[in-house]
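Student: Could you zoom in on one part of this model and walk me through it slowly? I'd like the cut-offs spelled out as you go, plus whatever helps me place that part in its surroundings.

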Amino acid sequence: MKLKFCRSSLVLSLLTAALCLQPAWPQALPTLGHGESISLGAERQLGDRIARELYRDPDYLEDPVLDEYIQRLWAPLVKAAAARGELSPELQERFAWRILLGRDRTVNAFALPGGYLGVHLGLIAVVTSDDELASVLAHEISHVTQRHIARSMDDQSKMTPWVIGSMILGVLAASKSAQGAQALIVGGQAAAMQSQLSYSRDMEREADRVGYGVLSDAGYDPRGFVTMFAKLQQAAGVNDNGAFPYLRSHPLTSERIADMQARQQLSGNLSGNSSTVTQDLTQSMLAARARVMSNGNVDALKAWTQDSKINSPQATPTQQVGALYAATLAHLQLRDSASAERSLQSLERRVQDSGSEPAIRVVRLLKAEMAARQERFGAVLSLLLPSPPGTALARPELIAVAQALARLPPQPMRNEVIGTLRELVQQIPQDAQAWNTLASLLAAQGMTLPALRAEGEAQMARMDWTGAVDRFRAAQDWARNNRLAAGEHIEASIVDTRLRQAQTLVREMQTQR
């Protein structure tokens, strides 16, 4: 099944509607449930199953620059949720807590069972501050910590998690078209589904309330909730074609705005931290990156290169910088190197004049990206290698440097970068992109067995168990047919163990169908 990377902003509510097989709830305020019908382990397995499909979706995106941005905002929220007692140690340990990016222009983020969150590039593209994007993440993490999906299943005790998982996947796939969503509501289930939607509205309110506290405790300005709701209200007219209004589950945005404003007044938090110029410039370029990467057709790319804000006297410096970043990236996508160079030079001058080191770094990463596309891999190293030598590389720089080294003749620093990548994947074994980058660098170094194993680990990180079995078997065959170097016997033993684990996962997956 080809699964569209969840297009609707109503994922949780659509899920609830799809699961509603019991008589309608009474009209009084419903009890939200306690999530007792599904264990943490079963919910995690359910989330794994859905995530496997999202990893296979063509819209799934791995971008080191945007990944780092999301993780930078996400980490304080997780810490704050744990400190507040919303996120228990058991939940923190057993759930995945992974964020998946999707190339989708709709303004949306969504929570799935087992601690998975999805973020559309369209959401990143419209926010104008870290606080706004963090408010959405705080809302979604609260859906997970409050176990809203598990609690919505309390009345579905006769259904197995795997049947429920199939329904969720069906809902996500149906979100590609209004006709598909319309087909979810047929016959005698329509009234029950409509009643269940009010149940979901209360969960949305709870996620707002809990998320507000998490956002504040994480050090963000809670006014981000209000300004983000205003953007969601505007985006609703674009995202909603009106084909299935009975599936709307979120409380009215005006109601949510009023609720957040009231909470600010009660807490005395009326000012918040003002955004600095540094944050504005950096965030403006990251939003521009999301805009361009979410819409790669030729007409859209040409439009970005001709954005009137680039030279408009009415545009703010921050808007001009964002427009120049988008134009440069669009020129790169169109393979117009000369125009990209001119646009980049103008962008670099303006950002250098600002003195903003984080913004200067974002431009430097874009400059290295241009050099890599032009196959000037030596220039990538010159731009991104730390000074003085030995300084730790951040993940975007590390990935770019490693990819460049894999395309260059042998360099003395290859082993050092290989060691750094190995440390990274040891700390974060679910980092599939880092595993693949490590595999390329190991193969370039002539280290075939560890390279094949790294390819298998990348497939494991994406939960492609069949692909992992293929790569581990290839590594096992190579080990049997070649003389192993010193230390490779341990690598071969690891491969044997991981192959057995992947085969077990394949068998489990087959029994769940």
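Tutor: First, some vocabulary: a residue is buried under 20% relative accessible area, exposed over 50% and partly exposed in between, with a 1.4 Å probe and protein chains only. Numbering runs from 1 along each chain as its sequence is written, and side-chain values use heavy atoms, with hydrogens and water left out. Remember too that this is a predicted model, where local features need pLDDT of at least 70, side-chain atom pairs count only at pLDDT 80 or more, and totals for chains, interfaces and linings use all residues.

A quick warm-up with that scale: Lys-79 sits in helix α3, and at 65% relative accessible area it is exposed. Val-214 is 135 residues away from Lys-79 in sequence, yet their C-alpha atoms are just 9.0 Å apart. As for names like α3, helices (H or I, at least four residues) and strands (E, at least two) are DSSP runs, numbered from the N terminus.

Now for the close look: let's take the sheet. Four strands make it up, and it is open, ordered β1-β2-β4-β3, with mixed pairing. Its edges are β1 and β3, which have a single partner strand each, so one side of each has no neighbour in the sheet. Pairing here needs at least two bridges between the strands according to DSSP.

Start with β4, residues 116-120. What fraction of β4 is buried? It's 5 of the 5 residues, so β4 is largely enclosed by the rest of the structure. In a regular strand, side chains alternate between the two faces of the sheet. You can follow that here: Tyr-116, Gly-118 and His-120 point one way from β4, Leu-117 and Val-119 point the other way, and all of them are buried.

β4 pairs with both β2 and β3, but in opposite senses. With β2 it runs parallel, joined by 5 bridges, and Gly-102 stands opposite His-120. With β3, residues 109-112, it runs antiparallel, and 4 bridges join the two. Two pairs to look for are Ala-109 facing Val-119 and Leu-112 facing Tyr-116.

β3 may stand at an edge, but both its faces are covered: Ala-109 and Ala-111 on one side, and Phe-110 and Leu-112 on the other, are all buried. The hairpin that β3 makes with β4 has 3 residues between the strands, and Gly-114 there takes a positive phi near 80°.

That brings us to backbone angles. Most residues other than glycine have a negative phi. Trp-97 isn't a glycine, yet its phi is positive, about 55°. It lies on the approach to the sheet, in the loop between α4 (89-94) and β2. With a relative accessible area of 13%, Trp-97 is buried. On the far side of β4 in sequence, Ser-129 is in the loop between α5 (121-126) and α6 (130-145), and Ser-129 is buried as well, at 12%.

For context, there are other positive phi values to check. Met-463, another non-glycine, has one of about 60°. Its place is the loop between α22 (448-461) and α23 (465-481), where it is buried at 4% relative accessible area. Glu-375, which follows α17, also has a positive phi, near 60°.

Since we've reached α17, here's how the helices run. The expected span is 1.5 Å times one less than the number of residues. For the 17 residues of α17 (357-373) that gives 24 Å, and the end C-alpha atoms are indeed 24 Å apart. α24 (488-512), with 25 residues, reaches 36 Å, close to the 36 Å expected.

Finally, compare the burial patterns. An α-helix has 3.6 residues a turn, so residues three or four places apart point the same way. In α24, the buried residues are Glu-488, Glu-491, Ala-492, Val-495, Leu-499, Ala-502, Val-506, Met-509 and Gln-512. The buried set of α17 includes neighbours in sequence, among them Ala-359 with Ile-360, Val-362 with Val-363, and Leu-365 with Leu-366, as well as the run from Ala-368 through Glu-369 and Met-370 to Ala-371.
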